[in-house]
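Me: Please take a close look at one part of this model, the interior and what packs around it. I am in my first year, so explain each term as you go.

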Amino acid sequence: MILHTRHVLAVNDLSRSADHYINVLGFKRDFAVEGWEFLSLDGFRVMLGECPDEVPAAQTNNHSWYAYVTVDSVDALFERMKEKGATILQTPRDKEWQMREFVLRTIDGHRIVFGEELS
């Protein structure tokens, strides 16, 4: 049985990235250790690792997609993140696969899709 996941992401500037996740995307800090930030937004968890010399996610093209997160109110989450200044790539839309989704890009270029099941 899988209890939860934590996405591991390389970031060039850990402080800047953690600040973005916390103050723009609404994550909370679970804990931090040297070179790492463990953050969560309800059940969505990330582990940011500082890798200053790595290619930024923004330069990896389609390899920057890393998560599809199912939520209970995609429009409310979209409004919260938009108000805080999140970079929105796609506003909420109903999809033929019976999901309502929006897409954002983090400050590092990682892309996340948030979706809600359509009734």
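Reply: What follows starts with the core and moves outward from there.

This is a predicted model, in which local features need pLDDT of at least 70, side-chain atom pairs count only at pLDDT 80 or more, and totals for chains, interfaces and linings use all residues. Residues are numbered from 1 along each chain as its sequence is written, and side-chain values use heavy atoms, with hydrogens and water left out.

Begin with the core. A nonpolar core is a set of buried Ala, Val, Leu, Ile, Met, Phe, Trp, Tyr and Cys residues joined through side-chain atoms within 4.5 Å. Buried means under 20% relative accessible area, exposed over 50%, and partly exposed in between (1.4 Å probe, protein chains only). The largest nonpolar core has 24 residues, and the members that touch the most others are Y21, F44, V46, M81 and F114. At least two residues of this core come from each of β1 (6–11), α1 (14–23), β3, β4 (44–50), β5 (65–70), α2 (74–83), β7 (99–105) and β8. The largest share, 4 residues, is supplied by α2. Helices (H or I, at least four residues) and strands (E, at least two) are DSSP runs, numbered from the N terminus. In soluble globular proteins, nonpolar side chains tend to be buried together.

Next comes helix α1. Its buried residues are L14, S17, A18, H20 and Y21. Seen down the axis of α1, they fall within an arc of 155°, so they line one face of the helix; the arc is that of the directions from the helix axis to the C-beta atoms. These buried residues pack against β1, β2 (28–33), β3, β4, β5 and β7. Contact here means heavy atoms within 4.5 Å. Not counting residues up to four places away in sequence, Y21 touches L9, G26, F27, L39, V46, L48, Y66 and T106. At the N-terminal end of α1, D13 acts as a cap, with a side-chain oxygen 3.3 Å from the backbone nitrogen of S15.

One of the residues touched by Y21 is L39, which lies in strand β3 (residues 36–41). L39 counts as buried because its relative accessibility is 0%. Leaving aside neighbours within four places in sequence, the contacts of L39 include A18, Y21, I22, F44, V46 and L48. L39 and A18 are 21 residues apart along the chain, and their C-alpha atoms are separated by 8.0 Å.

A charged residue is also buried. R111, in strand β8 (residues 111–117), is buried yet has no salt bridge, and the nearest side chain of opposite charge, E101, is 12 Å away. A salt bridge is a side-chain nitrogen of Lys or Arg within 4 Å of a carboxyl oxygen of Asp or Glu; Lys and Arg count as positive and Asp and Glu as negative, while His and the chain ends are not counted. The side chain of R111 does make polar contacts, one of 3.3 Å with the side chain of N62 and one of 2.8 Å with that of S64. A polar contact is a pair of N or O atoms within 3.5 Å; within protein, one must be able to donate a hydrogen and the other to accept it, and residues adjacent in sequence count only if both atoms are side-chain atoms.

E117 is found in strand β8 as well. E117 is exposed, with a relative accessible area of 56%.
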